[in-house]
Amino acid sequence: MSAHIRIPRMFSRASAVSALTVAAVGGTVATPGYPPEAEAATAAAKALRIAASKKGAPYKYGAEGPKRFDCSGLTQYAYKRAGKRLPRTAAAQYNRTRHIKAGSRKGGDLVFFHSGSGVYHVGVYAGGGRIWHAPKTGTVVRLERIWTKKVWYGHVR
């Protein structure tokens, strides 16, 4: 049984075979007009990876990294390294994001914990109902399940 592969006209049969060979062995192929894979990643995905890379960093009130963080310091640090600016506090970050419904959240979006109308904590959504965050004094940056329904979500623009 043979498979038929449709080759776009801009590629010769030889370059298509070379591309398929590279792909089959786990390589990447540069396609004209498309950015390399690393550049195609969104700022949110980059921020999520950066936040996760800080696993185990100690919490310190007011700290903005790179070795110690408070909650909004972690989100600000991760997004700054991903090429986006965020204000310093959780409440100010909430005001800077595009507010989204829980069903629209994606990895890298911000999760804001609130009491009434006041935001008191923020983390980076990791998927599966979990966040990367710097919880409180005596803890470290960690991945944790969202423990309450009193959260709002924001997408960094």
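**Entry 1. The sheet**

I began with the term pairing: two strands pair if DSSP finds at least two bridges between them. I note that the model before me is predicted. With that in hand, I looked up the sheet and found it open, with 6 strands in the order β1-β6-β2-β3-β4-β5 and antiparallel pairing. I then asked which strands stand at the edges. They are β1 (98–100) and β5 (142–145); each has a single partner strand, so one side of each is left without a neighbour in the sheet. From one strand to the next, I recorded a twist that averages 45°.

**Entry 2. Strand by strand**

I followed the pairing from β2 towards β5. Strand β2 covers residues 110–115 and strand β3 residues 118–127; the two run antiparallel and are joined by 6 bridges. Across this pair, I found S115 opposite G118 in β3.

I went on to β3 and β4, which also run antiparallel and are joined by 3 bridges. Here V124 stands opposite W132 in β4. I looked up how many residues lie between the strands in the hairpin of β3 and β4. There are 2, and in this hairpin G128 takes a positive phi near 65°.

For β4 and β5 I counted 4 bridges, again in the antiparallel sense. R130 stands opposite R145 in β5.

**Entry 3. Helices on the sheet**

I next looked up what rests on these strands. Helix α3 lies across β3 and β4 (130–133), and I recorded an angle of about 100° between α3 and β3. Helix α4 packs on the sheet as well, where it touches β2, β3 and β4; its direction makes about 45° with that of β3.

I then asked how many of the residues of α4 are buried. The number is 9 of the 11, so α4 is largely enclosed by the rest of the structure. I listed the buried residues of α4 as C71, S72, G73, L74, T75, Q76, Y77, A78 and Y79. These buried residues pack against α3, α5, β2, β3 and β4. After α4 comes G83, for which I noted a positive phi near 95°.

**Entry 4. Salt bridges**

I turned to charged side chains. Side chains of opposite charge can pair when their charged atoms come close. In this structure I found 3 salt bridges.

One of them joins E64 and R88, with the closest N and O atoms 2.9 Å apart. I located E64 in the loop between α3 (43–53) and α4 (71–81), and R88 in the loop between α4 and α5 (90–96); the pair therefore ties together parts that are 24 residues apart in sequence. E64 counts as partly exposed because its relative accessibility is 42%. R88, at 21% relative accessibility, counts as partly exposed too.

R88 also meets the side chain of D70 in a salt bridge, at 2.9 Å from N to O. D70 lies in the loop between α3 and α4 and R88 in the loop between α4 and α5, so this pair ties together parts that are 18 residues apart in sequence. I asked whether D70 is buried or exposed. At 7% relative accessibility, D70 counts as buried, since buried means under 20% relative accessible area.

A further salt bridge pairs E144 with R142, with 3.3 Å between the closest N and O atoms. I recorded E144 as partly exposed, with a relative accessible area of 26%. R142 is partly exposed as well, with a relative accessible area of 31%. I then looked up which residues are joined into one network by salt bridges that share partners, and they are E64, D70 and R88.

**Entry 5. A lysine without a salt bridge**

Last, I looked up K54, which lies in the loop between α3 and α4. K54 is buried yet has no salt bridge. I asked which side chain of opposite charge is nearest to K54. It is that of E64, 13 Å away; a salt bridge needs a side-chain nitrogen of Lys or Arg within 4 Å of a carboxyl oxygen of Asp or Glu, so K54 and E64 do not form one. Leaving aside neighbours within four places in sequence, I found K54 in contact with P66, F69, L74, Y77 and V141. Of these contacts, L74 and Y77 are among the buried residues of α4.

Notes
Residues are numbered from 1 along each chain as its sequence is written. This is a predicted model: local features need pLDDT of at least 70, side-chain atom pairs count only at pLDDT 80 or more; totals for chains, interfaces and linings use all residues. Side-chain values use heavy atoms; hydrogens and water are left out. Buried means under 20% relative accessible area, exposed over 50%, partly exposed in between (1.4 Å probe, protein chains only). Axes are lines fitted to C-alpha atoms, for helices over the stretch in contact, and angles run from 0 to 180 degrees between N-to-C directions. Contact means heavy atoms within 4.5 Å. Lys and Arg count as positive and Asp and Glu as negative; His and the chain ends are not counted.
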